[in-house]
Amino acid sequence: GEFLDWLADRFIAQDLPYNELSERFIERLLPELQRSDVWMCSIPAIWCRLLADANEALPAGVAKRPIFAYLGLPIFQYV
């Protein structure tokens, strides 16, 4: 949770370019993500974009994961 909190703070503060956030997300979480058959994300939608980037970073021959996104309540994005 600590890394994800840090990542969210960096996104909100906009003090790191998106590509660096994505690289760090992939470096830190891709090994763990690969253990799951399906990935899920919700608001803020940046998490879905990060998962899509991670999907593209999967090694050759590894099946891409379906990503289920729930983006129905944007009013609560930063609550």
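Analyst: Helices and strands here are DSSP runs, numbered from the N terminus: at least four residues of H or I for a helix, at least two of E for a strand. By that count, Pro 44 sits in the loop between β1 and α3. Keep in mind that this is a predicted model.

User: What is the peptide bond from Ile 43 to Pro 44 like, cis or trans?

Analyst: That bond is cis, with omega near -5°.

User: Moving on to Gln 14: where is it, and what is its phi?

Analyst: You'll find Gln 14 in the loop between α1 and α2. Its phi is near 55°, which is positive even though the residue isn't glycine.

User: Why is Gln 14 called exposed?

Analyst: The label exposed needs a relative accessible area over 50%. Gln 14 comes in at 67%, so it's exposed.

User: The axes of α1 and α2 cross at roughly 175°. What does that make α1 with respect to α2?

Analyst: Those axes come within 11 Å. Angles over 145 degrees count as roughly antiparallel, so α1 is roughly antiparallel to α2.

User: Which residues meet there?

Analyst: From α1, Phe 3, Leu 4, Trp 6, Leu 7, Arg 10 and Phe 11 face Leu 21, Arg 24, Phe 25, Arg 28 and Leu 29 from α2. By class, that contact has 8 nonpolar, no polar and 3 charged residues.

User: And α1 against α3, which cross at roughly 110°: what do you call that?

Analyst: The axes of this pair come within 12 Å. The window for roughly perpendicular is 65 to 115 degrees, so α1 is roughly perpendicular to α3. The crossing is right-handed.

User: What sort of residues make the contact of α1 with α3?

Analyst: On α1 they are Leu 4, Leu 7, Ala 8 and Phe 11, meeting Ile 46, Trp 47 and Leu 50 on α3. The tally is 7 nonpolar, with no polar and no charged residues.

User: How many residues does the largest nonpolar core have, and which have the most contacts inside it?

Analyst: It has 19 residues, and Leu 7, Phe 25, Leu 33, Trp 39, Trp 47, Leu 50 and Ala 54 have the most contacts inside it. At least two core residues come from each of α1 (2–13), α2 (18–33), β1 (39–42) and α3 (46–56). The largest share is from α2, with 7 residues.

User: What does Phe 25 touch?

Analyst: Leaving out residues up to four places away in sequence, Phe 25 touches Phe 3, Leu 4, Leu 7, Leu 30, Leu 33, Trp 47, Leu 50, Leu 51 and Ala 54.

Definitions and conventions:
Residues numbered from 1 in each chain as written. Predicted model: local features only at pLDDT ≥ 70, side-chain atom pairs only at ≥ 80, totals over all residues. Heavy atoms only, no water. Core = buried A, V, L, I, M, F, W, Y, C linked by side-chain atoms within 4.5 Å. Buried < 20%, exposed > 50% of the residue type's maximum accessible area, 1.4 Å probe, protein only. Contact = heavy atoms within 4.5 Å. Axes fitted to C-alpha atoms, helices over the stretch in contact; angles between N-to-C directions. Parallel < 35°, antiparallel > 145°, perpendicular 65-115°, else oblique. Left-handed = near helix turned anticlockwise from the far one by under 90°. Nonpolar A, V, L, I, M, F, W, Y, C, P; charged D, E, K, R; others polar.
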